[in-house]
Amino acid sequence: MTPTPTVPLWEVFIRSRAGLSHKHVGSLHAADAVLALQAARDVFTRRGEGLSLWVVPSSAIVASDPQEKGMMFEPTASKPYRHPTFYEVPDEVGHM
Amino acid sequence: MAGGPGLRRFFEDENMATNTITVSETPLVLYALRRADDSLILGHRLSEWCGHAPTLEEDMALANIGLDLIGQARSLYGYAAEVEPREDGRSANDEDGYAYFRDAGQYRNLLLCEQPNRDFACTMVRQFFYSAFTDPYWRAMTSSSDPTLAAVAAKSEKESAYHLRHAAEWLIRLGDGTEESHARTQRAVDALWSFTGELFDADDAEDSLVADRLVVHPSAFRDIWSDTVDVGFARAGLRRPDGAWMQRGGRGGRHSEHLGPLLAEMQHLQRSHPGARW
Amino acid sequence: MYTQALNDRPAAAAVEDADQAERFQARIDAEDRIEANDWMPEAYRRTLVRQISQHAHSEIIGQLPEGNWITRAPSLRRKAALLAKVQDECGHGLYLYAAAETLDASREELMDQLMEGRARYSSIFNYPATTWADIGAIGWLVDGAAIMNQIPLCRCSYGPYARAMIRVCKEESFHQRQGFEIMMTLCNGTVAQKAMAQDALNRWWWPCLMMFGPPDGASQHSDQSTRWKIKRFSNDALRQKFVDATVPQAEYLGLTLPDPALAFDAATGHWTHGEIDWDEFKQVLAGNGPCNRDRIEARRAAHENGEWVRAAAAAFAAKQSQRQAA
């Protein structure tokens, strides 16, 4: 048996409600963008999951390297002053 | 209630051996059954693909279209049951009565809908021809003076619009794909063409509903259908057949050889357990 | 379960950086989730590809026994529900192949393995669905068993698999109810219908118990999979849970489970069942079940009949991008 040729992979994003951003829900195979969008509709929105769909070729996604997690994401941990809880406001001032 | 009417009539009708129902086919009942039968038979055909489609994605898509059509059939059978004249003390038929206890000669669907799936090209061309009609048809039917039909149309219109889009995209890809896919698709077009004339037919019964503005005459969609088909064929590189001869008969219960086996399979369980509920 | 054949072969030890392996295990122990690009032991990756692909194969092979009744469903309501259910199974196969693809195993390659008989899937789908009651029994028992296994997988250490399982479980929630409702209708129906329901239960009960895989003592893979939090409960524990849940349901239906040894153990609070025929299980896994050949043949036929369609779509896509480039 000759190996089956591969079909491009697409990532699917759905906006579930107006006002929310698109969220990744899964991936599928399709030969082109039009078929990918149709397939996304047929596969991922069968139970009223969404109002808007994006399909993106998986190959177009540029991902950060998990090996570089330290360099990429840890320096931020030492900046608590970016968060409101860093600052003291007396209770009697009320919500701020 | 599934099978109920079948059992009751088992003792009353001459069709005792098969517990086939009789239907009072007023123009409105006939109309609803014709459209319901189109949807059910085509939906049934599409359901035959489940588990066997060319890709998993397409398996999902064909099941979705099949489910839409079965849903349309159920609404229309329900309406037929509501408007079918009742005889004293006897309840009307129901959706399963119509689906499971009518013989092929009582089915009123288009010959196009009962044509076998054959290959994916045949299935998509059949869908394209059908949906190129139902898309504008249901849109127009949303302004029916009959509120139930208008509501069925409002739901069916959106479904049919997608069915047309889906079938047309595949028609283009199959027609303009490989040599083999082109040949298969042209063959499907040639084989199914003679079943498209019936889409635009209406008889006296339906004419009376047209006069009352309950329904739109199907012939009103001939031009728009023809344009849709021409655009699709042009993009797919397919040739429009010259043949002018059209097969007819489904609307009147004269079917091809393909409907009998389909119904035998669909109905056998109901028919072999008269009166049972499922 | 859907991946029961995993139990038959220990993973080869890979030579890997001991520190990395330790850090990896620490993450697992801390209930952290592993994601696609994260470092992982080769054996972890291989185990997951095997498990996820077997699960995916089970879903799409699982379409076949029930799919064969879609055209014969005895009411339009049942027809729509069954078509939607079998369609869901296809979707679940699709989600799972996609999860396996995050581990560099393409869907095409995995499907080729299935069609060449090099991959396994749940033994249960090698039994025939011969009556309408089988559709009830499959939904009630097979999906009931599957859900027992699948809910813990929603917390599996591998993120993409866990997320696929969350989606699967959400969608599956109607499957078992659909099957139980069919059984209930049959049990409240005619004598012939009730007999049909009992006959289906008789044929599906033991194969369903086998779905959970060999007894814990005979399962070599379980320890490592448990350490990796791919597997959270043992085969026997899940099987017991299933039996305990199902006995009262059968009683409610007025059906008799085909096991004379079935008894309630007041001390443990569990139902004990009779001996499972593990020879039958091994034969079915080895390809000798009543439908193994039919199932693979049906998959091959779908694949081969669809080849020209996939080729057409690919050729059209290539032409389109050439046209756009020009």
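A polar contact, for today's purposes, is a pair of N or O atoms within 3.5 Å, where, within protein, one can donate a hydrogen and the other can accept it. Keep that in mind, everyone, as we look at how chain C meets its partners. One caution before we start: this is a predicted model.

How confident is the predictor about the complex, in ipTM and pTM? The ipTM is 0.93 and the pTM is 0.94. For chain C itself, the mean pLDDT is 93, with 94% of its residues at 70 or more. There is a weak spot, though: residues 5–14 of chain C have a pLDDT below 50, and that stretch still makes 31 contacts in the model beyond near neighbours in sequence. Where pLDDT is low, the predicted coordinates should not be read in detail.

Let's go to chain A. Here 23 residues of chain C meet 22 residues of chain A. Together the two chains bury about 1900 Å², and 53% of that lies on carbon and sulfur atoms. Which three residues give the most of chain C's buried area on this side? They are C:Leu94, C:Glu108 and C:Arg167, which supply 26% of what chain C buries against chain A.

Back to those polar contacts: between chain C and chain A there are 10 such residue pairs, both partners at pLDDT 80 or more. There are also 5 salt bridges across this interface. One of them joins C:Asp88 to A:Arg47, with the closest N and O atoms 2.6 Å apart. On the chain C side, helix 3 (76–101), helix 4 (107–115), helix 6 (159–187) and helix 11 (292–325) each bring at least two residues to the contact. By class, that side holds 9 nonpolar, 4 polar and 10 charged residues.

Now turn to chain B. This contact takes in 47 residues of chain C and 47 residues of chain B. About 4000 Å² is buried between the two, 69% of it on carbon and sulfur atoms.

How many salt bridges link chain C and chain B? The count is 3. Among them is the pair B:Glu57 and C:Arg107, whose closest N and O atoms are 2.6 Å apart. Polar contacts come to 17 residue pairs, again with both at pLDDT 80 or more. Helix 2 (42–67), helix 3, helix 4, helix 6, helix 7 (191–210) and helix 11 of chain C each give two or more residues to this side. Its make-up by class is 28 nonpolar, 10 polar and 9 charged residues.

That's the tour, and thanks for listening!

Definitions and conventions: Residues numbered from 1 in each chain as written. Chains lettered and ligands numbered in written order. Predicted model: local features only at pLDDT ≥ 70, side-chain atom pairs only at ≥ 80, totals over all residues. Heavy atoms only, no water. Contact = heavy atoms within 4.5 Å. Buried area = accessible area lost by both parts, 1.4 Å probe. Salt bridge = Lys/Arg side-chain N within 4 Å of Asp/Glu carboxyl O. Polar contact = N/O pair within 3.5 Å; in protein donor to acceptor, adjacent residues only side chain to side chain. Helix = DSSP H or I, 4+ residues; strand = E, 2+ residues; numbered from the N terminus. Nonpolar A, V, L, I, M, F, W, Y, C, P; charged D, E, K, R; others polar. pLDDT = per-residue confidence, 0-100.
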